[in-house]
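Let's take a walk through this model together, moving from helix to helix and stopping at a few side chains along the way. Keep the viewer open as you read.

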Amino acid sequence: MADIETPPPSRRSHYLTNLKESAVKAKQDLLTIQRYNLRTFTNHPLSEISGSFGDLGTLLPILIALTVSNTISLSSTLIFSGLANIYTGILFGIPLPVQPMKAIAAVALAQNFNEEEIASAGLFLAAAIGFLSISGLIGWFTKAIPIPVVKGIQVGTGLSLIMSAGTLYSRPSYPEVINPTINAIILILAFLGLLASSTFRRIPYALILLLISIIFVIFFDLFWEGPSNHSWSHTHPGFSIWHPHTFVPSWPSFRRGMVDAGIGQLPLTTLNSVIAVAFLVQDLLPNVKAPSTTSLGLSVMASNLVGCWFGAMPVCHGSGGLAAQYRFGARSGASIIVLGLVKLLLGLFASEIALHVFVNFPSVLLCILVIAAGLELVKVGESLNTAGARDLSPLDRASPDGQGARDESDNKRAVDLTEEERKRRWAVMFMTVAGILAFKNDAVGFLAGMLCHWSFQWQDSWEERRSRREGRIRLNAGTQDDSNIRGI
């Protein structure tokens, strides 16, 4: 009896098989992440909790300003940013921050945006980042950006944070009106504590600052009347249940939010909230699987496509927040899951109490948190010309786009760099930093760094063409001399 040939699998069955294999792998990866979260939190609970609050210095000032101006709903912001913290901690297993979109916030405060207009800016950003992620353009963009430019964005962001700490220090807040000398002493003591925490890593420094700040607020609220012209509130807010409300932005509101704020935020979110974060995860947590730029972009999209309809503040991820949470002890997604649960409970039941504490939070202590975040981010630039840089590391290390190594033709060992190449890489990085600091804009810094990088490439190309041309001239001259000799 002749053997019956097995028909080849149909396209549909092949697709279903691949889908099933992908689902099994995703489940295994998710279980691995949860085991890592649980193990890290069990071994270092105080460090994880302390690290979860390390980003308050960049979060609270913008959150307070937008809430007081009635541009956003504080309760909705706490709830949906808390949910974003929880699902990113579960899916990625890293202390990925959820931060305000700073360019949108700045325009919203300067132009007195209403809820519809700031929500429109966030919805536009969500759609744009989602398109770049789904289409694969953001992965291509990541591979095309030179490492010195990426590190320049990170270092520039860190220095910008340090510079902004001075603004926080000069901002008036309740305990600081007592005596400027006491305020300066608190700053010095907090800074000395920060230096000590660098040596004694087990000290939950950010958690201690948070508890001290809450005690300050309670103490002055209960026992200090203050001057009659001071804005301190003695109303003692209580618990309140969240009453959600939704809205659909009108076309004029959507157009104003998109044109005036959304378009300007797009390059900042792409560069600092997606690409720089993906690289920073690999620098800070080399033993943890870094999320791809595509998954980070989809995370930003999901966070805003849901929350903005409820009046929540447009949010993204950020390299400064990640550096801050890492600096104060966060090493896994468990830290931001804790933060997300705290935000969620405050938003659902105690948004008025949260606002009262936030508004009167000692800004001098926020200043220290911002300085620490900036210093941690600046340190990333140190590895520019070492094996710690992505393009100088072994070829089997994955790139942040999730597609394996970067272009092997651009990948070389640090020891292979000439002195001229090292100087050029430093020049590109610092040109990027200069653009960010001078114009307070990541997009300008990125363009300055890319132009510097391209100028070096053009110089090499021109030198190579000139060498080939001179070589042909010498070759022709030699051929002519041989002909003359044979003629003689």
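A good place to begin is helix α5 (residues 102-110), whose buried residues are Ala103, Ile104, Ala105, Val107 and Ala108. Keep in mind that you are looking at a predicted model. What covers these buried residues of α5? The cover includes α3, α6 (115-135) and α11. Just after α5, asparagine 112 adopts a positive phi of about 55°. The three covering helices named here make handy next stops, so to speak, and we can visit each of them.

Take α11 to start with. This helix runs over residues 251-284 and has 34 residues, yet its end C-alpha atoms are only 43 Å apart. A straight helix, at 1.5 Å a residue, would reach 50 Å. Where does α11 bend? Look at glycine 262, where the helix turns by about 45°.

Next comes α6, the helix in which serine 133 is found. Is serine 133 buried or exposed? Its relative accessibility is 2%, and because buried means under 20%, serine 133 counts as buried. A polar atom of the serine 133 side chain lies 2.8 Å from the backbone oxygen of isoleucine 129. Setting aside residues up to four places away in sequence, serine 133 touches Ile138, Thr294, Gly297 and Leu298.

Now turn to helix α3 (residues 56-68), which holds threonine 58. With a relative accessible area of 10%, threonine 58 is buried. Which side chains does threonine 58 meet through polar contacts? One is aspartate 55, at 2.2 Å, and another is glutamine 99, at 3.3 Å. Glutamine 99 turns up again among the contacts of threonine 58 beyond four places in sequence, which are Gln99, Pro100, Leu161 and Val370.

From these polar side chains we can move on to the nonpolar ones. In soluble globular proteins, nonpolar side chains tend to be buried together. Here the largest nonpolar core has 77 residues, and Leu60, Leu66 and Met313 touch the most other members. Which helix gives the most to this core? That is α16 (residues 363-378), with 11 residues. Apart from this core lies another, of 18 residues, among them Val149, Val150, Leu392 and Leu417. Returning to leucine 60, you will find this residue in contact with Phe358, Phe361 and Leu366, once its neighbours within four places in sequence are left aside.

Two cysteines are also worth a look. Cysteine 316 is buried, at 6% relative accessibility, and cysteine 367 is buried as well, at 4%. How many disulfides does the structure hold? The count is zero.

Our last stop is helix α1 (residues 11-43), where threonine 40 lies. Threonine 40 is buried, with a relative accessible area of 10%. How far from glycine 333 is threonine 40 in sequence and in space? The two are 293 residues apart in sequence, while their C-alpha atoms are 9.1 Å apart in space. Threonine 40 is also in contact with Glu48, Arg331 and Ser332, leaving aside its neighbours within four places in sequence.

Terms used: Residues are numbered from 1 along each chain as its sequence is written. This is a predicted model: local features need pLDDT of at least 70, side-chain atom pairs count only at pLDDT 80 or more; totals for chains, interfaces and linings use all residues. Side-chain values use heavy atoms; hydrogens and water are left out. Helices (H or I, at least four residues) and strands (E, at least two) are DSSP runs, numbered from the N terminus. The expected span of a helix is 1.5 Å times one less than its number of residues. The bend at a residue is the angle between axes fitted to the seven residues ending there and the seven starting there. A nonpolar core is a set of buried Ala, Val, Leu, Ile, Met, Phe, Trp, Tyr and Cys residues joined through side-chain atoms within 4.5 Å. Buried means under 20% relative accessible area, exposed over 50%, partly exposed in between (1.4 Å probe, protein chains only). Contact means heavy atoms within 4.5 Å. A polar contact is a pair of N or O atoms within 3.5 Å; within protein, one must be able to donate a hydrogen and the other to accept it, and residues adjacent in sequence count only if both atoms are side-chain atoms. A disulfide is a pair of cysteine sulfur atoms within 2.5 Å.
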